[in-house]
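Welcome! Here are a few short exercises to help you find your way around a new structure. Try each task yourself before reading its solution.

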Amino acid sequence: MAKEIKNINPGFRKGPGRNYTLEECIQGVKHRHTDVLSFLISKAESHLDVDQAFVQNVISETSIKEDCRIIAVSGSPGVGKSTFLNSIGADLLHRSHNIAILPVDPSSRISKGSILGDKTRMEDIAHKPGCFIRPTSSSSSLGGVAPSTSLAVSICQRAGFDYIFIETVGVGQSEYEVRFLVDCFILLLQPGGGDDLQGIKRGIMEMADIVIVNKSDGELLNKARLSYDAYNTALKLMLPNKWGWKTKALMYSSVDHTGRSKEIFSLIDKYFSQLINEGNLFKVRISNSMIQFEKYSADILLKAILKDRKVSSYISDLSR
Ligand SMILES: Nc1nc2c(ncn2[C@@H]2O[C@H](COP(=O)(O)OP(=O)(O)OP(=O)(O)O)[C@@H](O)[C@H]2O)c(=O)[nH]1
Ligand SMILES: [Mg+2]
């Protein structure tokens, strides 16, 4: 007989069953009402124009918290992204920060699997006040990150979170797209013994602002040190990015992190201080908005073309 699984996902809550009016949503966003935020993100994921317009109305009636930090945490499947967010998220909550975590799941339309996975990996923080976790699906997008993820970030910015994290699986397209949604890009890597550098696409290293060799603990610690040295050597040869930041590497363990998150936070603080002091944070966001505008206009145009009856019958003729 199948064993009963208890508490597999204690943090999981069913989506809100009720509708909210525009005014309730505006107030809900201002007061960081998590059910309203989830409701709005569901609307953002909808393909209906009326839902998109509703979200846009809420966005235009609320203002963003300028000093929030929008950070991507990317890396290959199983590298420890959710556990990492659980670890640093717990520290941030302890320091009375509010955090939103938006895991982007390329497969959720099929399996809904990582909705369970992400929340169970973040069980230390999932129930805590000040923490909002809302997985979003990328499956509706032509690329890796759905337009709804960008709207979800916008909604969370208006809800006044201090930190907004996007968790993306670093396979192919998604990390390139998420780069242009965030202020800071953290790349998590697995300890590999130092000869693993060839396996990492150079472009991905160049995109990262902070590289973290995760799982630097137990039997993996020696391998992690070798990887860290190899990445550091490679990073020294790389030029600063266009905002003058030089990518830095750190070792971390999300399961044995006693005292270690200090290093992460001081590096994140340094990164944001440099951007702000040199007046570049605003420029980064403007530049990101322009890139998103181009991408989503192209998406909308392509979808409209594909909807055209003549085009779709031509395509089905071709594929016969
Ligand atoms: N030893 C060790 N194990 C870790 C660490 N971080 C995560 N893990 C383990 O690695 C496995 C995957 O962790 P997740 O946090 O789910 O990884 P993920 O990158 O979010 O996975 P996906 O979302 O499926 O791509 C789990 O078994 C974790 O317990 C770490 O710092 N040290
Ligand atoms: Mg995960």
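**Exercise 1.** Which helix gives the largest share of the lining of the largest pocket?

*Solution.* Keep in mind that this is a predicted model. Begin with the candidates: helix 2 (34-45), helix 3 (49-60), helix 7 (147-158) and helix 12 (281-307) each supply at least two residues of the lining. Among the contributors, helix 12 has the largest share, with 15 residues.

**Exercise 2.** Describe the largest pocket and work out where it sits relative to the domains.

*Solution.* Start with its volume: the largest pocket holds about 1300 Å³ of space. Next, look at its walls, where 39 residues form the lining, and Gln56, Pro147, Ser150, Leu151 and Tyr296 are the closest to the centre. Then sort the lining by class: 17 residues are nonpolar, 13 are polar and nine are charged. Finally, place the pocket: because domain 1 (16-62) and domain 2 (64-303) both give residues to the lining, the largest pocket lies between them.

**Exercise 3.** Find the residues that surround ligand 1 and sort them by class.

*Solution.* Around ligand 1 there are 18 residues, of which Lys81, Thr83, Arg121, Asp217 and Ser254 come nearest. By class, this shell has eight polar, six charged and four nonpolar residues.

**Exercise 4.** Which polar atoms of Val79, Lys81 and Glu167 lie by oxygen atoms of ligand 1, and how much of ligand 1 does the protein cover?

*Solution.* Take the residues one by one. For Val79, a polar backbone atom is 3.3 Å from an oxygen atom of ligand 1. For Lys81, an N or O atom of the side chain is 2.7 Å from an oxygen atom of the ligand. For Glu167, a polar side-chain atom lies 3.1 Å from a ligand oxygen atom. Now turn to the cover: on its own, ligand 1 has 650 Å² of accessible area, and the protein covers 73% of that. Two or more residues of the shell come from each of helix 4 (81-94), helix 6 (113-121) and strand 5 (163-169). Helix 4 gives the largest share, three residues.

Note on methods:
Residues numbered from 1 in each chain as written. Chains lettered and ligands numbered in written order. Predicted model: local features only at pLDDT ≥ 70, side-chain atom pairs only at ≥ 80, totals over all residues. Heavy atoms only, no water. Near = heavy atom within 4 Å. Polar contact = N/O pair within 3.5 Å; in protein donor to acceptor, adjacent residues only side chain to side chain. Areas by Shrake-Rupley, 256 points an atom, 1.4 Å probe, with all protein chains shown as cover. Helix = DSSP H or I, 4+ residues; strand = E, 2+ residues; numbered from the N terminus. Nonpolar A, V, L, I, M, F, W, Y, C, P; charged D, E, K, R; others polar. 1 Å grid on protein atoms, 1.4 Å probe; cavity = no way out; pocket = protein on both sides within 12 Å on 5 of 7 lines; lining within 4 Å. Points joined across faces, edges and corners; volume = space filled by probe spheres on them. Domains from an automatic or database assignment.
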